[in-house]
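Welcome! Please take a look at the sequence and the structure below, and then try a few short exercises.

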Amino acid sequence: MTEDASTMFVRGHMTEFAGLTGLDLRRYLWTDALMRYVPLAKTIEQFWMDDTNRKAGTWVQNAEINMVMLATSLAPGEFPAV
């Protein structure tokens, strides 16, 4: 019987998962999976900080929300909690 990739991943990280069950375990797995995208944040921020890129239609069409999201990414601790 062969194990799927997620089962092998869990078995390889059992000490990290100790005590986690159900929803907590799923949250941990999703968070872990999303962490590989963290390095993209700086690249995306630098791209949109360039004035030339902010003249593109993809920026201009939603300029207000794009500015809020860029500001939030640059100073995440300053964004008000709801």
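The exercises below deal with aromatic rings, a pocket and salt bridges in this predicted model.

**Exercise 1.** Find the aromatic pairs and classify each by its geometry.

*Solution.* Let us begin with how such a pair is described. A pair of aromatic rings is described by the distance of the centres and the angle of the planes.

Step 1: A search for ring pairs gives two aromatic pairs in the structure.

Step 2: Take F47 and W48, whose ring centres are 4.8 Å apart with 85° between the planes. Planes over 60 degrees apart count as edge-to-face, and that is the class of the F47 and W48 pair.

Step 3: Now take W48 and W59, with centres 4.9 Å apart and planes at 35°. This angle is neither under 30 nor over 60 degrees, so the pair is tilted.

Step 4: Place the W48 and W59 pair on the chain. W48 sits in helix α4 (residues 40-49) and W59 in helix α5 (residues 57-60), so the pair links distant parts of the chain, eleven residues apart.

Step 5: Put the pairs together: F47, W48 and W59 are linked into a cluster.

**Exercise 2.** Decide whether F47 and W59 are buried, partly exposed or exposed.

*Solution.* Buried means under 20% relative accessible area, and exposed means over 50%. W59 has 5%, so W59 is buried. F47 has 41%, so F47 is partly exposed.

**Exercise 3.** Describe the largest pocket and what lines it.

*Solution.* Step 1: The volume of the largest pocket is about 190 Å³.

Step 2: Its lining includes W48 and W59, along with E45 and M69 among others.

Step 3: Two elements, α4 and α6 (63-74), each give two or more residues to this lining. The greatest contribution is from α6, with five residues.

Step 4: Sorted by class, the lining has six nonpolar, three polar and one charged residues.

**Exercise 4.** Locate the salt bridges and say how accessible E45, D51 and R54 are.

*Solution.* Here is the idea to keep in mind. Side chains of opposite charge can pair when their charged atoms come close.

Step 1: The whole structure holds two salt bridges.

Step 2: One joins E45 and K42, with the closest N and O atoms 3.5 Å apart. These residues are three apart in helix α4, so about one helical turn separates them. E45 counts as buried because its relative accessibility is 10%.

Step 3: The other joins D51 and R54, at 2.4 Å from N to O. D51, at 49%, is partly exposed, and R54, at 22%, is partly exposed too.

How values were computed:
Residues are numbered from 1 along each chain as its sequence is written. This is a predicted model: local features need pLDDT of at least 70, side-chain atom pairs count only at pLDDT 80 or more; totals for chains, interfaces and linings use all residues. Side-chain values use heavy atoms; hydrogens and water are left out. Rings of Phe, Tyr and Trp (its six-membered ring) pair if their centres lie within 6.5 Å; planes under 30 degrees apart count as stacked, over 60 as edge-to-face and the rest as tilted. Buried means under 20% relative accessible area, exposed over 50%, partly exposed in between (1.4 Å probe, protein chains only). Helices (H or I, at least four residues) and strands (E, at least two) are DSSP runs, numbered from the N terminus. On a 1 Å grid over the protein atoms alone, a cavity is a set of points where a 1.4 Å probe fits but cannot get out, and a pocket is an open set with protein on both sides within 12 Å along at least five of seven lines; lining residues have an atom within 4 Å of a point. Grid points are joined across faces, edges and corners, and a volume is the space filled by probe spheres set on the points. Ala, Val, Leu, Ile, Met, Phe, Trp, Tyr, Cys and Pro count as nonpolar, Asp, Glu, Lys and Arg as charged, and the others, Gly among them, as polar. A salt bridge is a side-chain nitrogen of Lys or Arg within 4 Å of a carboxyl oxygen of Asp or Glu.
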